[in-house]
Each structure stands twice: as structure tokens, then as C-alpha cells.
Amino acid sequence: MRHIAIVGSGPAGYYTAEAAVKKWGEDALIDVYDKLPVPFGLIRTGVAPDHQSIKAVSRRYEKTAIGDTVRFAGNVTVGEDITVEELTSLYDAVVLATGAPRDRQLDIDGAGSRNVIGSAAFVGWYNGHPEFAQLDPDLSGKHAVVVGMGNVALDVARILSKSQHEFAGSDIVAHALEALRESNIETISILGRRGPHQIMMTPKELGELLHLDRASPHVDNADLPPLEDDAFLEPGVRKSVTLLRDFAAIPENIHGEKPIAIEFDFFANPKAIVSEGGKVAGVEVERTKVEAGRAVGTGETYSVPADLVVTCIGYRTSPLKGVPFDERAGCFANDEGRILPGLYCVGWAKRGPSGTIGTNRPDGYSVIDIVDQDIGGGSRKRGREGFDELAQTRGLEIVTFRDWQKIEEAEIAAARKGAPREKFVDIDSMIAARGA
Ligand code: NAP
């Protein structure tokens with residue numbers, strides 16, 4: 001028998017569990033731990049609430065989760081309730097699938113001003129992550145600035161622009177829907193420190209901006225490189241750049257039909273946040289040029305008004321005591337997923353925050369191949385049984401997958417008309433909803 005612990009129940013965690021079941025069948029017991037009482041990590045709290053088709057992948061994880069081989073143990077914080085060292089003494093292999101839940105910091109003057117918010121917090125707020133549900137961003141001003149030109153920046157800009165009607169069928173939480181209803185935002189400037197050819201937004205997602213009820217994307221023709229240069233681009237990026245060209249060609253009268261402008265500001269590197277009375281009032285930006293793929297400052301500066309700033313410049317894994325960390329990459333120090341004997345990592349915790357949900361699948365399968373090479377037929381470790389003993393002595397209240405199904409039933413029952421669910425946004429309500 002092999003005893004495997006997976007820490008984190010997001011895509012990386014469940015693809016790893018799926019791979020373990022495929023590899024060893026009933027000759028392994030796999031325990032998936034999560035700090036929250038609810039599973040699926042980024043699928044629940046990261047993927048945008050209006051992207052339900054992406055969230056549907058959780059149905060696949062359910063298939064892995066149901067049954068006795070894989071056990072979901074929610075409401076267990078590794079590093080607090082149990083240490084990594086204790087887990088490695090109980091299990092043949094511990095795989096850290098903890099993702100990258102912390103914001104990469106925008107390290108400029110004024111970044112601590114009120115209403116300058118990192119994307120982990122802002123996305124967590126509209127997705128009902130218990131840690132960020134109380135964020136209460138101030139949307140009363142006219143200007144929002146989104147820093148970064150990746151898909152998270154795109155999610156944030158789109159969510160800030162949508163009408164109430166466009167959230168039909170989404171699972172955006174009630175507090176965010178209500179705040180967005182009262183929002184006064186008219187201009188959303190997306191700042192990219194490099195140019196259109198370096199855009200990280202993918203075409204499918206970028207194309208959605210052409211179909212928003214109230215908002216229209218603005219690109220300045222002068223920022224676009226000569227058309228013939230697009231031929232050298234990788235096909236996905238070329239499609240995105242073609243969309244930017246389409247945006248630049250939108251006539252003024254069409255823009256005029258929509259009250260919200262989403263402005264792409266390329267070659268724009270934020271240098272300082274300006275505040276008034278402690279609250280953000282603008283962003284000082286230096287104009288850049290791109291040399292050998294890098295943004296180089298030109299010395300020319302200008303300011304962009306901002307009543308709200310959301311930084312979407314990437315994420316970092318949360319360090320864990322006793323686990324070597326790669327500060328530069330912002331994830332655990334590892335060699336193809338191996339961290340220390342018996343300790344592994346997968347997904348964003350292994351390679352940093354890049355790729356799609358699906359990228360985690362091969363990651364999960366490859367880490368299980370490596371674990372298989374290392375542990376062979378397993379050992380006489382105590383695994384689940386040992387954990388349960390320890391949990392009892394510590395008074396830990398584990399939330400199982402069956403409990404989660406009851407929580408989910410309650411969320412579905414509470415859904416507003418047309419929505420798939422109304423999420424619980426605090427841990428006590430989640431735990432209470434599982435019933436006796
Ligand atoms: P990302 O794609 O890496 O984009 C980060 C952006 O931040 C880049 O434009 C980067 O510019 C910019 N940036 C980084 N540091 C900066 C700084 N100090 N100042 C100014 N700009 C800075 O990251 P992400 O948007 O957080 O997305 C993470 C991953 O999740 C990506 O793989 C993404 O595709 C994926 N995702 C997918 C979806 C979807 O498929 N629907 C939705 C959300 C996220 P440089 O390029 O110049 O460094």
C-alpha cells in the first residue's frame with residue numbers, strides 16, 4: 001500500500017490525485033488536504049464567475065474525489081494544524097499543490113495607498129474567497145487602472161465593465177454584484193509596460209471585449225507595430241495582436257454608444273502611486289520603449305487618473321516552514337517536482353503562475369511517475385489512519401467530500417434566479433451548512 005498526501009485541492013491537486021488512482025488503483029490511499037472547507041481552489045475562487053464553462057472542469061475532479069481511495073479533507077491548514085514534517089513522517093509521498101495565492105507586489109512609492117488592490121484580493125472578493133470577502137473596494141470614482149496585460153487583468157477589466165444583466169448565469173457573489181451595480185467607473189486604463197507584441201492576454205478572452213454591453217476597447221493606432229511585423233509572432237499572440245488592430249479600427253461613433261472605455265495603454269510603466277488623504281488619486285507612469293524584448297524607460301512621464309488601482313502582475317506561492325523556497329521564481333525550490341526526500345510539488349507551486357488549467361494535468365501525471373520511481377511499492381507508514389489519530393488529539397474538524405456535497409446543495413438552493421449557486425463567503429457558514 002502507498003500512502004499519498006496532496007496539499008491543495010485545486011486543479012494541480014486533483015489532476016495529481018487522478019494520476020495516482022490511474023497508476024496504482026486500490027494499491028494507494030490518497031488524501032487531499034485543503035485549508036478551506038470547500039474543494040477546487042482556483043476553479044472556485046480564481047476562475048472568473050462569468051466563465052462557467054471553464055469552471056465545469058470540477059465535474060471531472062468530482063469523479064476522482066468520490067469513493068474511498070481518494071479522501072478530501074478540508075478545513076485543515078498544513079503549516080498550522082499539522083506541519084509538513086509531520087505529514088512526511090505519515091505518508092510515503094507528500095505533494096504540495098498549494099498554487100500561488102499571494103500577489104507579486106508592485107514595488108513603487110505609494111503602492112500602500114487605499115484602494116490600491118492586488119488581483120488575489122480583488123478576484124477573491126468577487127469570487128467569495130473567505131479571506132477577501134470583506135475587501136469592500138471603493139468603486140465610487142470614475143477611473144480605474146488595471147496594471148498588467150495578462151488574462152487576470154482582462155478578467156478584472158471585464159468584471160468592472162459588465163452590466164448586471166451580463167452576470168446572468170454567473171456565480172459572482174451577491175456582495176460583488178451589488179457593489180458593481182453602484183459602481184461609477186467610466187474609464188478602465190490597462191497599463192502594459194511593454195507593447196502589443198508582448199501582450200499576455202489570449203485571443204479568446206481578449207475577443208470578449210468586443211461583445212460587452214456597456215464597454216468598448218480602445219487602442220491607439222500609433223502604439224501598433226507595422227502590420228508586416230506580426231508575421232514573426234507565435235500564432236496565439238498574432239491572433240491577440242490582430243484583435244488589438246480591430247480595436248484600434250473601431251470608429252468613434254461606435255465607441256460613443258458605450259458609456260465605459262477600456263483603454264489599452266502600452267509602453268506604460270507605473271513609477272509611483274499618487275494619493276490624496278491616503279487614498280489613490282493617480283498613477284505616475286514612465287513611457288517605455290521595447291529593446292530586445294525588455295521595457296526600457298525613456299524618461300518621459302505622465303499621469304493617469306485613478307480612483308481604484310488593481311495590480312494584476314502575477315502571483316507567488318506561500319512559503320511553508322521547512323520547505324526550501326525559490327525567492328526569484330516565487331515557488332518551492334524543486335528539481336522536476338522533487339523538493340526533498342518524500343516531498344514533491346506540482347502546478348503553480350512547482351513552476352510559478354503560468355499556463356492554463358489544463359497545463360496542470362501533465363504536471364500531475366509526471367509528478368506521480370516520479371513518486372512511483374522513488375517509493376516503489378510503498379512502505380509501512382500509517383497514512384490516513386495516523387493522520388486521523390493526530391487530528392483527534394488536536395481537535396481538528398475535517399470537512400469531507402460528502403460534507404462538501406451538502407454545502408454545495410445549500411449553495412445551489414440559495415442561488416438567485418438563473419445562477420448556478422450563491423457561495424458561502426465565510427468559513428463558519430460553510431461548516432454550518434454541512435449539517436449534523
Ligand atoms: P501573466 O499572464 O504573467 O501577466 C502578468 C502581466 O503583468 C504581464 O503583462 C507583465 O508584463 C505584467 N507585469 C509583471 N510585473 C510587472 C510590473 N512590475 N510592472 C508592470 N507590469 C508588470 O499573469 P496573470 O495575468 O496573473 O495570469 C496568470 C496565469 O493564469 C496566466 O498563465 C494566465 O493565462 C492564466 N489565466 C488564464 C485565464 C483564462 O484562460 N481565462 C484567466 C486568468 C488567468 P511583462 O510581460 O512585461 O512582464
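## Two domains and the interface between them

Between domain 1 and domain 2 there are five salt bridges. One salt bridge joins the side chains of Arg421 and Asp171, with 2.6 Å from N to O. The structure discussed here is a predicted model.

Polar contacts also cross this interface: 14 residue pairs, both members at pLDDT 80 or more, are in polar contact between domain 1 and domain 2. On the side of domain 1 that touches domain 2, the elements that give two or more residues are helix 2 (41–45), helix 3 (52–55) and helix 16 (427–433). The residues on that side of domain 1 comprise 14 nonpolar, five polar and nine charged ones.

How is the chain divided into these domains? Domain 1 is made of two stretches, 2–101 and 317–433, while domain 2 covers 103–315. The C-alpha centres of the two domains are 31 Å apart. In the contact between them, 28 residues belong to domain 1 and 26 residues belong to domain 2.

The size of an interface is often given as the accessible area lost when the parts come together. For domain 1 and domain 2 the buried area is about 2100 Å², and carbon and sulfur atoms give 53% of that area. Pro49, Asp50 and Val425 together supply 27% of the area that domain 1 buries against domain 2, more than any other three residues.

Two single residues can now be looked at in turn. Ser189 lies in strand 8, which spans residues 187–191. Is Ser189 buried or exposed? Ser189 counts as buried because its relative accessibility is 7%, and the cut-off for buried is under 20%. Leaving aside residues up to four places away in sequence, Ser189 touches Ala144, Val145, Val146, Glu263 and Val304.

Gly337 sits in a loop, between strand 17 (331–332) and strand 18 (338–340). Gly337 is buried too, since its relative accessible area is 0%. With residues up to four places away in sequence left out, Gly337 touches Leu343, Tyr344, Cys345 and Lys350. Gly337 and Thr98 are 239 residues apart in sequence, and their C-alpha atoms are 13 Å apart in space.

The table sets the two buried residues side by side.

| Residue | Location | Relative accessible area |
|---|---|---|
| Ser189 | strand 8 (residues 187–191) | 7% |
| Gly337 | loop between strand 17 (331–332) and strand 18 (338–340) | 0% |

Methods:
Residues are numbered from 1 along each chain as its sequence is written. This is a predicted model: local features need pLDDT of at least 70, side-chain atom pairs count only at pLDDT 80 or more; totals for chains, interfaces and linings use all residues. Side-chain values use heavy atoms; hydrogens and water are left out. Domain bounds come from an automatic or database domain assignment. Contact means heavy atoms within 4.5 Å. Buried area is the accessible area (1.4 Å probe) that two parts lose on being put together, summed over both. A salt bridge is a side-chain nitrogen of Lys or Arg within 4 Å of a carboxyl oxygen of Asp or Glu. A polar contact is a pair of N or O atoms within 3.5 Å; within protein, one must be able to donate a hydrogen and the other to accept it, and residues adjacent in sequence count only if both atoms are side-chain atoms. Helices (H or I, at least four residues) and strands (E, at least two) are DSSP runs, numbered from the N terminus. Ala, Val, Leu, Ile, Met, Phe, Trp, Tyr, Cys and Pro count as nonpolar, Asp, Glu, Lys and Arg as charged, and the others, Gly among them, as polar. Buried means under 20% relative accessible area, exposed over 50%, partly exposed in between (1.4 Å probe, protein chains only).
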